[in-house]
Amino acid sequence: MICWKCQNDINEFDNYCKYCGAGQGKHIPMYYKHIGIILLFFIIGPFNLYFVWRSPALKKPAKIIYTIIFLALTVWFCYKTYLLFLQAQEMISSFPTNLMF
Ligand SMILES: [Zn+2]
């Protein structure tokens, strides 16, 4: 078996690489697994793509799909924030006239 991190040859049943200490199989860090990657998106946004592409637990098609989904969500979120900003601006500019009535 080849370690996903340092590419050294390690024992098939090793839980951790004896060269670099990286967890193997079930012991791969949480932030490289599906659930960790999705949780990361809510914390650091599209920067989680760094972990998506480094992840040894995800296959190439999964990485591509995640990239498309996370980028689409980011664009959608920015658009929604922009609309909110416009709405807030409108409310602020109409505020003094509201006071008169
Ligand atoms: Zn290693």
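# A walk through a four-helix model

Just after helix H1, glycine 45 adopts a positive phi of about 65 degrees. This detail comes from a predicted model, and it is a useful place to begin, since glycine 45 will return later in the account of helix H3.

Let us first step back to the whole chain. The secondary structure of the protein amounts to four helices and zero strands, so that the pattern read along the sequence is α-α-α-α. The overall form can be described by two computed quantities. The C-alpha atoms fill a box of roughly 80 × 25 × 15 Å along the principal axes, and the radius of gyration is 22 Å, whereas a compact globule of 101 residues would have one near 13 Å. Buried residues make up 10% of the 101 residues, and of the contacts between residues at least 6 apart in sequence, 19% join residues that are at least 24 apart. The protein is divided into domain 1, covering residues 1–29, and domain 2, covering residues 33–100, and the centres of these two domains, taken over C-alpha atoms, are separated by 33 Å.

With this outline in mind, we can return to helix H1, which runs over residues 34–44 and has Ile37, Leu40 and Phe41 as its buried residues. These three lie on the same side of H1, because they cover an arc of only 110 degrees around the axis. The general geometry of helices helps here: an α-helix has 3.6 residues a turn, so residues three or four places apart point the same way. The face of H1 turned away from the buried side carries the exposed residues Ile35, Phe42 and Ile43. On the buried side, by contrast, the residues of H1 pack against helix H2 (49–54) and helix H3 (60–93).

That packing leads us to the largest nonpolar core, which is made up of six residues, namely Ile37, Leu40, Phe41, Val52, Tyr66 and Phe70. H1 and H3 each supply at least two residues of this core, and H1 gives the most, with three residues. Two members of the core are worth following individually. Phenylalanine 41, which is found in helix H1, counts as buried because 20 other C-beta atoms lie within 10 Å, and 20 is the number from which a residue is called buried. When residues up to four places away in sequence are not counted, phenylalanine 41 touches Asn48 and Phe70. Its separation from lysine 59 is 18 residues in sequence and 18 Å in space, C-alpha to C-alpha. The second member, valine 52, is in contact with Ile37, Leu58, Lys63, Tyr66 and Thr67, again leaving aside neighbours within four places in sequence.

Helix H3 deserves a closer look. At 1.5 Å a residue, its 34 residues should span 50 Å, and the C-alpha atoms at its ends are 49 Å apart, which agrees with that expectation. H3 is nevertheless hardly covered, for the count of buried residues among its 34 residues is two. Threonine 74, which has its place in H3, counts as partly exposed because it has 15 C-beta neighbours inside 10 Å. Here glycine 45 comes back into view: threonine 74 is in contact with Gly45 and Pro46, leaving aside neighbours within four places in sequence, and although threonine 74 and glycine 45 are 29 residues apart in sequence, their C-alpha atoms are 7.2 Å apart in space.

Finally, we can turn to the segment before H1, where glutamine 7 has its place. The phi of glutamine 7 is near 70 degrees, a positive value in a residue other than glycine. As a general background, most residues other than glycine have a negative phi. Glutamine 7 counts as exposed because it has 11 C-beta neighbours inside 10 Å. Glycine 25 is also found in the segment before H1, but it counts as partly exposed, because 14 other C-beta atoms lie within 10 Å. Glycine 25 and alanine 62 are 37 residues apart in sequence and 17 Å apart in space, C-alpha to C-alpha.

Key
Residues numbered from 1 in each chain as written. Predicted model: local features only at pLDDT ≥ 70, side-chain atom pairs only at ≥ 80, totals over all residues. Buried ≥ 20, exposed ≤ 12 C-beta atoms within 10 Å, placed from the backbone. Arc of directions from axis to C-beta. Contact = placed C-beta atoms within 7 Å. Rg over C-alpha atoms; globule rule 2.2 N^0.38 Å. Domains from an automatic or database assignment. Core = buried A, V, L, I, M, F, W, Y, C linked by C-beta atoms within 7 Å. Expected span 1.5 Å × (residues − 1).
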